[in-house]
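Here is a protein model to look over together. Take a moment with the fold before reading on.

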Amino acid sequence: MHGNESVVKDAMSEIESVSCIAFKQRNDEDGYVYFTSSDFGCYTYLGYQGDQQVLNLGDGCMYKGTIMHEILHALGFLHMQSAYDRDDYIEIIWDNMMPGLEAQFEKSGSNIISHFAGGYDYKSIMHYGGAAFSKNGKLTIKTKDPNQQTFIGNRNGMSDEDIHKLNIMYNCY
């Protein structure tokens with residue numbers, strides 16, 4: 001992980017620059033995020049776990065936007081396409097999906113996910129791209145507004161809505 005430490009720090013710095021979130025090196029805190037690259041894939045648990053929380057950045061994960069996506073999971077963000085109202089904005093094309101990955105596209109109830117007075121955010125760094133987990137290269141997520149299709153899957157940085165939600169969640173305003 002050491003060779004990739006700078007890209008992780010860049011991701012953290014960008015989150016810090018738009019919020020009141022401050023990352024620090026762990027001393028002896030009980031709850032902390034442990035960055036590793038021990039397994040395949042990019043993943044972590046959702047929200048504060050109260051003890052060591054593994055954030056894995058395996059092969060193909062060492063991009064600032066991908067790391068920010070995973071850090072935001074650790075901070076409590078779900079995937080945008082899991083929003084309770086997603087069917088008003090996107091269509092999930094189950095037939096194009098790799099078997100066994102359907103859970104990546106399950107909806108969460110309105111009691112679990114909040115837009116914090118914002119709306120569905122096609123540009124969110126938490127939104128999967130159109131061909132995410134496709135078994136055939138075809139779309140698994142199709143936007144109901146065709147003009148929004150190219151926006152989903154953003155890993156260039158947090159959207160304005162992402163920033164707004166983070167700042168509300170952490171009382172930064």
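The notes below go from the overall fold to the core and one helix.

This is a predicted model. Its secondary structure comes to three helices and five strands, and along the sequence these follow the pattern α-β-β-β-α-β-β-α. The radius of gyration is 16 Å, which agrees with the value near 16 Å for a compact globule of 173 residues. Contacts reach well along the chain: of those between residues at least 6 apart in sequence, 66% join residues at least 24 apart.

A few whole-protein values are handy to keep alongside:

| Property | Value |
|---|---|
| Box filled by C-alpha atoms, along the principal axes | roughly 45 × 35 × 25 Å |
| Residues that count as buried | 42% of 173 residues |
| Accessible surface | about 9,600 Å² |
| Distance between mean positions of the positive and negative charges | 5 Å |

Now for the interior. The largest nonpolar core has 21 residues, and those touching the most other members are I15, L57, I67, I71, L72, M158 and L166. At least two residues of this core come from each of α1 (5-17), β3 (52-57), α2 (64-74) and α3 (160-169), with α1 giving the most, five residues. Another core lies apart from it, with 13 residues that include I90, I92, F105 and Y128.

The helix α2 deserves a closer look. Ten of its eleven residues are buried, among them G65, H69 and E70. Their cover includes α1, β1 (32-36), β2 (42-44), β3 and α3. Within α2, I67 is buried; leaving aside neighbours within four places in sequence, I67 is in contact with V7, V8, A11, L57, C61 and M62. Just after the helix, G76 takes a positive phi of about 115°.

Notes
Residues numbered from 1 in each chain as written. Predicted model: local features only at pLDDT ≥ 70, side-chain atom pairs only at ≥ 80, totals over all residues. Heavy atoms only, no water. Core = buried A, V, L, I, M, F, W, Y, C linked by side-chain atoms within 4.5 Å. Buried < 20%, exposed > 50% of the residue type's maximum accessible area, 1.4 Å probe, protein only. Helix = DSSP H or I, 4+ residues; strand = E, 2+ residues; numbered from the N terminus. Contact = heavy atoms within 4.5 Å. Rg over C-alpha atoms; globule rule 2.2 N^0.38 Å. Areas by Shrake-Rupley, 256 points an atom, 1.4 Å probe, with all protein chains shown as cover. Lys, Arg positive; Asp, Glu negative; His and termini not counted. Charge placed at Lys NZ, Arg CZ, Asp CG, Glu CD.
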